[in-house]
Amino acid sequence: MAETATKQRTVKFIITRRERPEAAPYTEEFEIPYRPNMNVISALMEIQRNPVKADGAKTTPVVWESNCLEEVCGACSMVINGKPRQACSALVDKLEQPIRLEPMSTFPVVRDLVINRERMFQALKKVKAWIPIDGTYDLGPGPRMAESKRQWAYELSKCMTCGVCLEACPNVNDRNSFIGPAAISQVRLFNAHPTGEMNAHERLEALMDEGGIEGCGNSQNCVRSCPKGIPLTTSIAAINKDTTKHLFKKWLGM
């Protein structure tokens, strides 16, 4: 009897769609057969295989992004029932129906649930979120990082540039140029590296420009929404302190 009931169950989705970036958004409703342990990605795959709306009318397959399917790549970010998160880790059994899927509004929409996250990658370029090397030849082992520092730095390195923290932040929008919490946290990560700290002043200078750390309003939405549990507000507080010290050193000519 339980098996028969499972076969008869369905899952309802309301998906916000857009055919192209300049087109107006619209919604479509879908109803698919329920399977135990479904996540949102497997449901989207089912809709892709059989793109038929709840009223029986044919439609085009829904477009979305995914890659790793284990909450590592950050590609499948979307707004699920009003909350930005990863679709691969969103289990249907734990979501209220109908399940509403929307693209993240902080980023330009390419099509349906696919967004352009270039804003994040440009931010990483601005703060030089990398360790510069002198050539590609073998330089031997680099300096070691203290274990006490390595432990918290490893947590910061889990960032997958998913964009969820930017979507949750009220200060990241099309009306200002705030760089967002992800890039600020990466500055703290690379400035903590024994080699990366040689360029620490350049990264701090970038965050002292327009759209830098002063744009943070301390809403703390970022740390609550981060799927990797990265201590973003701790990083923002630490970098706020570092930029202030750097500013006073400049004034004093140090």
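How many residues in the lining of the second largest pocket are nonpolar, how many polar and how many charged? The close-ups below, taken from a predicted model, will take you there and to three other spots.

**View 1. The second largest pocket holds about 150 Å³ of space.** Here is the reply to the opening question: the lining divides into six nonpolar, four polar and one charged residues. To find the pocket, start with Pro-132, Ile-133 and Asp-134, which are among its lining residues. Then look for Leu-139, Gly-140, Pro-141, Gly-142 and Pro-143, which also line this pocket. His-193, Pro-194 and Thr-195 complete the lining.

**View 2. The largest pocket contains about 320 Å³ of space.** Its lining is made by 14 residues. If you want to spot the centre, Asn-191, Ala-200, Leu-204, Asp-242 and Lys-245 are the ones that lie nearest to it. Helices α4 (147-156), α6, α7 (200-207) and α9 are the elements that each give two or more residues to this lining. Which element gives the most? That is α9, with five residues. By class, the lining of the largest pocket has five nonpolar, three polar and six charged residues.

Next come two helix pairs. Two packed helices are described by the angle between their axes and the distance between the axes, so look for both values in each legend.

**View 3. Helix α6 (residues 181-192) packs with helix α9 (residues 232-251) at an angle of about 65°.** The axes of these two helices are 9 Å apart, and their crossing is left-handed. On the α6 side, the contact is made by Pro-181, Ile-184, Ser-185, Val-187 and Arg-188. On the α9 side, look for Leu-232, Thr-234, Ser-235, Ile-236, Ala-238 and Ile-239. Sorted by class, this contact has seven nonpolar, three polar and one charged residues.

**View 4. Helices α4 and α6 cross at roughly 145°.** Their axes come within 9 Å. Is this crossing left-handed or right-handed? The crossing of α4 and α6 is left-handed. From α4, the residues to find are Lys-149, Trp-152, Ala-153 and Leu-156. They meet Ser-185, Gln-186, Arg-188, Leu-189 and Ala-192 in α6. The residues of this contact divide into five nonpolar, two polar and two charged. You may recognise Ser-185 and Arg-188 of α6 from View 3, where they take part in the contact with α9.

Note on methods: Residues are numbered from 1 along each chain as its sequence is written. This is a predicted model: local features need pLDDT of at least 70, side-chain atom pairs count only at pLDDT 80 or more; totals for chains, interfaces and linings use all residues. Side-chain values use heavy atoms; hydrogens and water are left out. Axes are lines fitted to C-alpha atoms, for helices over the stretch in contact, and angles run from 0 to 180 degrees between N-to-C directions. Helices (H or I, at least four residues) and strands (E, at least two) are DSSP runs, numbered from the N terminus. A crossing is left-handed if the near helix is turned anticlockwise from the far one by less than a right angle, and right-handed if clockwise. Contact means heavy atoms within 4.5 Å. Ala, Val, Leu, Ile, Met, Phe, Trp, Tyr, Cys and Pro count as nonpolar, Asp, Glu, Lys and Arg as charged, and the others, Gly among them, as polar. On a 1 Å grid over the protein atoms alone, a cavity is a set of points where a 1.4 Å probe fits but cannot get out, and a pocket is an open set with protein on both sides within 12 Å along at least five of seven lines; lining residues have an atom within 4 Å of a point. Grid points are joined across faces, edges and corners, and a volume is the space filled by probe spheres set on the points.
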